[in-house]
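This report describes the fold of one chain, starting from its overall build and ending with its metal site.

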Amino acid sequence: MMHETKFVSQIFAVLTQKLDKSSILKKITVTVRLSPFSHVSAKTLKETFKQLAEGKNFKNIELKVLPLQLLLDCKNCKRTVFIMEKKFICPFCNSSNIEIKMDKEFFIETIEVEDNK
Ligand SMILES: [Zn+2]
C-alpha cells in the first residue's frame with residue numbers, strides 16, 4: 001500500500017497543477033507507466049487511485065496503467081532489447097548473464113482532458 005500511495009500522490013500533484021476548476025466536470029484520462037519489476041501491480045494501483053480520488057473532487061478520471069519498457073543488456077550475446085514483462089533471461093540466447101536497467105519504476109506519461117466545447 002505504501003508504494004501505491006506514493007505513486008497516486010504523484011498523479012494528484014500533477015493533476016492539481018494542470019487542472020483548473022473548469023476541468024473538474026470534463027473527462028480526464030491519465031496514462032501512467034509501471035515497471036514490470038515493481039512491487040506495485042496495475043490492479044492495486046488502480047484500486048488505490050479510485051479510493052483516494054473519491055475524497056478529492058476528481059471523479060471523472062480514468063487511470064490507464066501501461067507497462068514501462070526496460071532495457072535488457074545481455075552480456076552473453078551482447079544484444080540489447082526492450083522488455084515489458086518480468087524476465088530474467090535473454091530472449092535471444094536464453095542466457096541469464098544479463099543486466100536490466102531499473103532506473104525507473106513509475107512515471108506519468110500523459111494527461112488528456114476531453115474538450116467538449
Ligand atoms: Zn543473449
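What follows treats the chain as a whole, then its two sheets, and then the metal site.

**Overall build**

The model is predicted. Its secondary structure comes to two helices and six strands, and, read along the sequence, these elements follow the pattern α-β-α-β-β-β-β-β. The chain has a radius of gyration of 18 Å, whereas a compact globule of 117 residues would have one near 13 Å. Taken along the principal axes, the box filled by the C-alpha atoms is roughly 55 × 30 × 20 Å. Of the 117 residues, 33% count as buried. Among the contacts with a separation of 6 or more, 69% are accounted for by residues 24 or more positions apart.

**The mixed sheet and its helices**

Three strands form an open sheet in the order 2-1-6, and the pairing in this sheet is mixed. Its edge strands are strand 2 (61-67) and strand 6 (106-113), each of which pairs on one side only. From one strand to the next, the twist averages 20 degrees.

Strand 1 and strand 2 pair in the parallel sense over seven bridges, and Val32 has Val65 in strand 2 as its bridge partner. Helix 2 (residues 42-54) packs on the sheet, where it touches strand 1, strand 2 and strand 6, and its direction makes about 160 degrees with that of strand 2. Helix 1 (residues 2-18) lies across strand 1, strand 2 and strand 6, and it runs at about 35 degrees to strand 6.

Two residues give a closer view of this part of the chain. Thr31 lies in strand 1 (residues 28-34), and its relative accessibility is 6%, so Thr31 counts as buried. Leaving aside neighbours within four places in sequence, Thr31 is in contact with Lys64, Leu66, Ile108, Glu109, Thr110 and Glu112. Val113, by contrast, is found in strand 6 and counts as partly exposed because its relative accessibility is 36%. With neighbours within four places in sequence again left aside, the contacts of Val113 are Leu19, Ser23, Lys26, Lys27 and Ile28. The C-alpha atoms of Val113 and Lys27 are separated by 6.1 Å, although these residues are 86 residues apart along the chain.

**The antiparallel sheet**

A second topic is the sheet built around strand 3. This open sheet of three strands has the order 4-3-5, with antiparallel pairing. Strand 4 and strand 5 stand at the edges with a single partner strand each, so one side of each is left without a neighbour in the sheet. Direction ignored, neighbouring strands of this sheet are turned by 25 degrees against each other on average.

Strand 3 (residues 70-74) shows alternating side chains: Leu70, Leu72 and Cys74 point to one face and are buried, while Leu71 and Asp73 point to the other face and are not buried. In a regular strand, the side chains alternate between the two faces of the sheet. Strand 3 pairs in the antiparallel sense with strand 4 (residues 80-83) over four bridges, and with strand 5 (residues 98-101), also in the antiparallel sense, over four bridges. The residue pairs across these strands are set out below.

| Residue | Partner residue | Strand of the partner |
|---|---|---|
| Asp73 | Thr80 | strand 4 |
| Asp73 | Glu99 | strand 5 |
| Leu71 | Lys101 | strand 5 |

Asp73 thus stands opposite Thr80 in strand 4 and has Glu99 as its bridge partner in strand 5. The hairpin of strand 3 and strand 4 has five residues between the strands, and in this hairpin Lys78 takes a positive phi near 65 degrees.

**The zinc site**

Which residues coordinate the zinc ion? The SG atoms of Cys74, Cys77, Cys90 and Cys93 do so, at 2.3 Å, and in sequence these donor residues are spaced C-x2-C-x12-C-x2-C. The angles among the four donor atoms are 106 to 116 degrees, and the site is tetrahedral. For four tetrahedral donors, the ideal angles at a metal are 109.5 degrees.

Are the donor residues Cys90 and Cys93 buried or partly exposed? Cys90 has 0% relative accessibility and therefore counts as buried, whereas Cys93, at 29% relative accessibility, counts as partly exposed. Cys74, which is one of the zinc donors, also belongs to the buried face of strand 3, together with Leu70 and Leu72.

Technical notes:
Residues are numbered from 1 along each chain as its sequence is written. This is a predicted model: local features need pLDDT of at least 70, side-chain atom pairs count only at pLDDT 80 or more; totals for chains, interfaces and linings use all residues. Side-chain values use heavy atoms; hydrogens and water are left out. Donors are N, O and S atoms within 2.8 Å of the metal (3.2 Å for Na, K and Ca); water is not among the atoms, so sites may look incomplete. Four donors count as tetrahedral if all angles lie between 85 and 135 degrees; four count as square planar and six as octahedral if opposite donors are over 155 degrees apart and all others between 65 and 115; anything else is irregular. Buried means under 20% relative accessible area, exposed over 50%, partly exposed in between (1.4 Å probe, protein chains only). Contact means heavy atoms within 4.5 Å. Two strands pair if DSSP finds at least two bridges between them. Axes are lines fitted to C-alpha atoms, for helices over the stretch in contact, and angles run from 0 to 180 degrees between N-to-C directions. The radius of gyration is taken over C-alpha atoms; the globule rule is 2.2 Å times the number of residues to the power 0.38.
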